[in-house]
Amino acid sequence: MLVPMALHDDPRQELRLFQTGEHPCGYWPERQARDLVLDPQDERLGTLYPLALSWGFRRSGDLVYRPHCQNCHACVPVRIPVARFDPDRSQRRCLRRNADLQCRVLPAERTEEQFALYQRYLQHRHANGGMDDHGPHEFDQFLVGSWSHGRFLEIRRAPQDHQPGQLLGVAVTDVTELGLSAVYTFFDPDEEKRGLGTFAILQQIAWAHRLGLPHLYLGYWIHGHRKMDYKRRYQPLEYFDGRRWAQADPQAEQLRP
């Protein structure tokens, strides 16, 4: 289904959106989902992507999408205003616990070392979930794409004997003029006690702050979902209500007004 939309009230800059058919929800297996997708053939997609982030969209490979389910509105776009972010006690402990690690930002280009870690992560965290058989092509298709603004934030142990330290995690991150977007993070499943997922987000916040960017986009918060509810712990937090971004009440059970 095609949903045309004009940019800036200029019909010459019409943006084509497609509504997908129903498909199994990636978050709640018992539910059916559908998405709005920006026209994948639009040559302006890379240019439009930062604006789409501000509309609550997300990137997966070359696809820019937003959930558009008929009977469910559980997926709420959220972002962190980095200048006002204040880590809580648990997050400060995470930083101290990982003070021996080093981070570096690299082009979004797959290496054998990164791919091996990605496979280990999927086999541990998503066994029999449809992703654990990803090969190099699927890695590039999902995490890099052909037009993306992506960078790889590598997390490593400190180097020894002039050799790079062990790779412990990679935070795939899009860099735009409106902010950073946390696309996907994978890490060593044997280092679970370090809290590398939390550490990666804290490093992305610091990265955005260094660049003078206003936001870190975290994708979708889902109330009550074991793998998605953690985003509430980053305060202050803003959510998109379909028309504008608003400050989330940290005491409220739901982010929607």
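**Exercise 1. The two faces of a strand**

Task: sort the residues of β8 by the way they point, and say whether they are buried or exposed.

Solution.
Step 1. V76, V78 and I80 point one way from β8, while P77, R79 and P81 point the other way, and all are buried. Buried means under 20% relative accessible area, exposed means over 50%, and partly exposed lies in between (1.4 Å probe, protein chains only). Strands (E, at least two residues) and helices (H or I, at least four) are DSSP runs, numbered from the N terminus.
Step 2. Recall the general pattern. In a regular strand, side chains alternate between the two faces of the sheet.
Step 3. Count the buried residues. In β8 (residues 76–81), 6 of the 6 residues are buried, so the strand is largely enclosed by the rest of the structure.

Two notes on the source. This is a predicted model, in which local features need pLDDT of at least 70, side-chain atom pairs count only at pLDDT 80 or more, and totals for chains, interfaces and linings use all residues. Residues are numbered from 1 along each chain as its sequence is written, and side-chain values use heavy atoms, with hydrogens and water left out.

**Exercise 2. The partners of β8**

Task: find which strands pair with β8, and in which sense.

Solution.
Step 1. Start with the rule: two strands pair if DSSP finds at least two bridges between them. Strands of a sheet pair through backbone hydrogen bonds, either parallel or antiparallel.
Step 2. Take β13. This strand runs antiparallel to β8, and 6 bridges join the two. P77 has Y220 of β13 as its bridge partner. V76 stands opposite W221 in β13.
Step 3. Take β14. Here β8 pairs in the antiparallel sense over 2 bridges. R79 faces E238 of β14.
Step 4. Check the cover of β13. The strand is mostly covered, with 7 of its 7 residues buried.
Step 5. Look at the pairing of β13 with β12. These strands pair in the parallel sense over 2 bridges. L180 stands opposite L216 in β13.

**Exercise 3. The whole sheet**

Task: write down the strand order, then find which strands stand at the edges.

Solution.
Step 1. The sheet is open and has 8 strands, in the order β9-β10-β11-β12-β13-β8-β14-β15, with mixed pairing.
Step 2. β9 (101–107) and β15 (245–247) are the edge strands; each has a single partner strand, so one side of each lacks a neighbour in the sheet.
Step 3. Neighbouring strands are turned by 30 degrees against each other on average, direction ignored. Axes are lines fitted to C-alpha atoms, for helices over the stretch in contact, and angles between N-to-C directions run from 0 to 180 degrees.
Step 4. Look at the β9 edge. β9 and β10 (residues 150–157) run antiparallel and are joined by 7 bridges. V105 has L153 of β10 as its bridge partner.
Step 5. Add a helix. α1 (residues 45–54) packs on the sheet, touching β11 (167–176), β12 (179–187), β13 (215–221), β14 (238–240) and β15; its direction makes about 100 degrees with that of β11. Contact means heavy atoms within 4.5 Å.
Step 6. Check the cover of α1. In this helix 8 of the 10 residues are buried, so α1 is largely enclosed by the rest of the structure. Among the buried residues are L45, L48 and Y49.

**Exercise 4. Two crossing helices**

Task: describe how α2 and α5 cross, and name the residues that make the contact.

Solution.
Step 1. Two packed helices are described by the angle between their axes and the distance between the axes.
Step 2. The axes of α2 (residues 89–97) and α5 (residues 196–211) come within 10 Å and cross at roughly 95 degrees.
Step 3. α2 and α5 are therefore roughly perpendicular to each other. Angles of 65 to 115 degrees get this name; under 35 counts as roughly parallel, over 145 as roughly antiparallel, and the rest as oblique.
Step 4. Q91, C94 and L95 of α2 meet T198, F199, L202 and Q203 of α5.
Step 5. Turn to Q204, also found in α5. Q204 is buried, with a relative accessible area of 0%. Not counting residues up to four places away in sequence, Q204 touches L153, A171, V172, T173, L180, A182 and L216.
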